[in-house]
Amino acid sequence: MDDWNYKPAGDLGLPHEEAFKSLKRESGLFSTALHWLWWSFVRTYLLIWHRLKVEGRENLPKNPPFVLVANHSSHLDALVLAAPLDSRLRDQIFPIAAGDVFFTNPAISAFAALMLNALPMWRKQCGPHALEALKRRLIDEPCCYILFPEGQRSRTGEMLPFKAGLGMMLAGTDVPIVPCYLDGCFEALRPETKWPLRRPITIHIGKPLRFDTVPNKRAGWEQIAVDLQAAVKALGPAGKAESRPSGAPMLNAPMKSLHD
Amino acid sequence: MSTNERLFNPAHAFEHPVTCWVTVGLVIALAISPLIIRFLAATGRVSDAHRQELWIRWRSWLIMTPLLIGPILLGAAWTILGVGILSLLCYREYSRATGLFREKVISLTIVLGIILITLSTFDNWYRLFMALTPLTIVMILTVALFADRPKGYIQRTALGVLGFVLFGHGLGHLGHLANDDNYRPLILMVLVSAEMNDIFAYLAGKTFGRIPLCPHTSPKKTVAGSLGGLILTTALVMFLGQYVFEGTVLAHWYHLLTLGIVISVVGQLGDLMFSSIKRDLGIKDFDVTIPGHGGLLDRFDSIVPIAAVVFHYVNYFVGVGSDEPVRIWSTFT
């Protein structure tokens with residue numbers, strides 16, 4: 001027989017409001033049921049209202065841990081990215097959301113925790129501790145993160161430079177990072193509009209990248225940000241236009257040199 | 001009283017003297033507690049931090065008391081529903097503390113088991129109530145097979161069985177007491193004597209306590225506290241019991257004495273059982289649901305075994321709800 005291998009919930013002993021914000025929050029039966037309902041609703045909504053199309057689904061890893069990164073231009077983005085994932089992973093998918101937007105008001109915080117299963121990233125004071133905690137959880141549990149490395153929504157639809165903080169979390173790990181390009185989200189829900197318009201949305205899922213050989217220091221983190229941005233961009237309309245003449249998978253080129 | 005009146009009608013709430021006394025007593029206790037805390041603070045008998053703690057505890061009782069007494073006064077249906085909810089919340093705390101909540105299928109089975117126990121109680125279907133325990137245990141052992149993961153099977157299922165037996169079946173007996181025509185004074189006596197048992201033991205321990213009772217399980221408990229609790233709680237049960245059981249064989253002094261000793265001893269043991277569970281898991285409190293008290297299980301730990309023992313004591317000698325129709329809702333004629 002095994003030794004005792006059960007441990008209390010990570011957020012045990014925290015009052016509800018604190019538990020919602022905690023990076024150690026775990027789902028019970030009730031929140032699992034809510035996640036299931038919520039993601040079923042979202043998936044149906046996206047299919048009907050936005051005629052959601054997924055390209056490159058075969059690139060998704062079968063089991064956690066993995067991280068999905070994408071361009072960020074609307075509040076629909078996290079929902080769209082989570083929708084094509086296997087429904088048995090629903091409790092293991094954590095969108096990483098801006099703490100100052102989703103976790104300051106108790107009602108929104110409850111929604112973010114109970115329905116979206118989001119974990120907070122505090123943009124102003126996100127120290128190495130929080131990133132380390134996120135990294136540990138990603139690998140140990142294991143789970144899937146949905147991340148927007150631009151750090152904010154683009155107000156124009158143009159991609160912003162990726163932040164290096166993401167690199168701090170991923171450098172030196174074997175976790176596959178899946179670049180995705182979201183097409184149509186900006187048109188469907190612009191920053192100035194309140195309700196989503198009926199516009200088609202397509203997700204382009206690229207081949208996963210790994211950064212296990214990248215050194216865990218500033219140069220490495222910045223390299224990861226640059227590589228991921230190139231990989232996401234290459235999936236978008238601009239990247240496709242560029243890569244078509246040569247036919248070479250341009251996103252693999254800079255990666256090769258890092259691994260050698 | 002007809003079955004419908006017992007279940008839904010609060011008009012008979014204050015027919016029994018014990019119900020009146022307990023309700024009035026609790027209202028008075030809640031009303032004068034602030035004065036006592038102020039007096040203790042003014043005379044310098046408690047530190048500032050302790051005084052804050054007492055205020056927090058008082059505020060929690062102010063919310064908890066109506067939540068406990070309200071359903072009992074309103075009707076048996078509300079009492080049974082309240083016990084069902086309490087069972088679910090207690091199981092939630094237990095599963096989060098032990099880590100069993102990560103086994104979603106086992107947890108779901110236990111939650112369904114608790115819901116069925118509540119429904120069988122509402123139906124006064126004692127046979128189903130009793131059958132649900134072995135059936136749920138078989139179910140837990142069965143659903144745990146589907147993961148095809150034999151490593152840790154004994155632990156997972158054993159934790160599940162313990163959880164269901166304690167909070168579904170054990171605590172379910174408290175709800176089943178509501179099927180007695182005379183349920184209000186009976187349940188109130190159980191709740192009040194279980195809570196007073198804690199308070200008596202605490203006060204006696206504070207005053208006379210020197211020799212620790214079981215330092216590894218619960219370092220603050222003393223032999224004197226335990227004995228003080230035993231004597232005072234037995235006296236309380238003998239006093240209330242003679243009215244609760246008036247006209248039945250249980251009103252004899254030797255039955256009341258036995259019942260009093262049983263409630264006090266089993267209550268204190270219940271306290272120690274959950275202390276052991278906490279020590280084993282390395283946690284201080286089960287949760288922070290009740291400010292100043294900890295989790296629900298930190299407050300109601302002694303009720304879990306008392307409910308089952310009192311139920312069967314009463315059921316053996318006079319029968320719980322034996323005059324009431326059985327299978328109220330599930331028989332179709």
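This passage describes the interface between two chains, selected helix packing and some local backbone features in a predicted model.

In the predicted model, 22 residues of chain A are in contact with 25 residues of chain B, and the two chains bury about 1,800 Å² between them, with 57% of this area on carbon and sulfur atoms. On the chain A side, the residues that lose the most area to chain B are Tyr6(A), Leu12(A) and Leu29(A), which together account for 36% of what that side buries.

Within chain B, two helix pairs were examined. The axes of helix α5 (residues 104-122) of chain B and helix α6 (residues 126-143) of chain B come within 10 Å and cross at roughly 170°, an angle that makes α5(B) roughly antiparallel to α6(B). From α5(B), the residues Val105(B), Ile106(B), Thr109(B), Ile110(B), Gly113(B), Leu116(B), Ile117(B), Ser120(B) and Thr121(B) take part in the contact, and they meet Leu128(B), Phe129(B), Leu132(B), Thr136(B), Met139(B), Ile140(B) and Val143(B) of α6(B). Divided by class, the contact of α5(B) with α6(B) comprises eleven nonpolar and five polar residues, with no charged residues.

In the second pair, helix α8 (residues 183-208) of chain B packs with helix α12 (residues 303-317) of chain B at an angle of about 135°, the axes being 11 Å apart; α8(B) and α12(B) are therefore oblique to each other. The crossing in which α8(B) passes α12(B) is right-handed. Val190(B), Leu191(B), Ala194(B) and Glu195(B) of α8(B) make this contact with Ile303(B), Ile306(B) and Val310(B) of α12(B), and the residues of the contact of α8(B) with α12(B) divide into six nonpolar, no polar and one charged.

Two buried residues located in helices were also considered, one from each chain. Ser87(B), in helix α4 (residues 76-98) of chain B, has a relative accessible area of 2% and is therefore buried, the cut-off being under 20%. When residues up to four places away in sequence are not counted, Ser87(B) touches Ile114(B), Phe167(B) and Leu171(B). Ser87(B) and Gly163(B) are 76 residues apart in sequence, and their C-alpha atoms are 10.0 Å apart in space. In chain A, Gln229(A) lies in helix α9 (residues 218-235) and is likewise buried, with a relative accessible area of 15%. With residues up to four places away in sequence again left out, Gln229(A) touches Met159(A), Leu160(A), Pro161(A) and Phe162(A).

The backbone features are best read against the background that most residues other than glycine have a negative phi, and that most peptide bonds are trans. In chain A, a cis peptide bond with omega of about 0° joins Pro64(A) and Pro65(A), and Pro65(A) lies in the loop between β1 (53-55) and β2 (66-70). A cis peptide bond also joins Glu141(A) and Pro142(A), with omega of about -20°; Pro142(A) is found in the loop between α6 (128-140) and β5 (144-147) of chain A.

In chain B, Asp148(B) has a positive phi of about 50° although it is not a glycine. Asp148(B) is situated in the loop between α6 and α7 (153-176) of chain B and is exposed, with a relative accessible area of 67%. Arg327(B), which is not a glycine either, has a positive phi of about 50°; Arg327(B) belongs to the segment after α12 of chain B and counts as partly exposed at 28% relative accessibility.

Terms used. Residues numbered from 1 in each chain as written. Chains lettered and ligands numbered in written order. Predicted model: local features only at pLDDT ≥ 70, side-chain atom pairs only at ≥ 80, totals over all residues. Heavy atoms only, no water. Axes fitted to C-alpha atoms, helices over the stretch in contact; angles between N-to-C directions. Helix = DSSP H or I, 4+ residues; strand = E, 2+ residues; numbered from the N terminus. Parallel < 35°, antiparallel > 145°, perpendicular 65-115°, else oblique. Left-handed = near helix turned anticlockwise from the far one by under 90°. Contact = heavy atoms within 4.5 Å. Nonpolar A, V, L, I, M, F, W, Y, C, P; charged D, E, K, R; others polar. Buried < 20%, exposed > 50% of the residue type's maximum accessible area, 1.4 Å probe, protein only. Buried area = accessible area lost by both parts, 1.4 Å probe.
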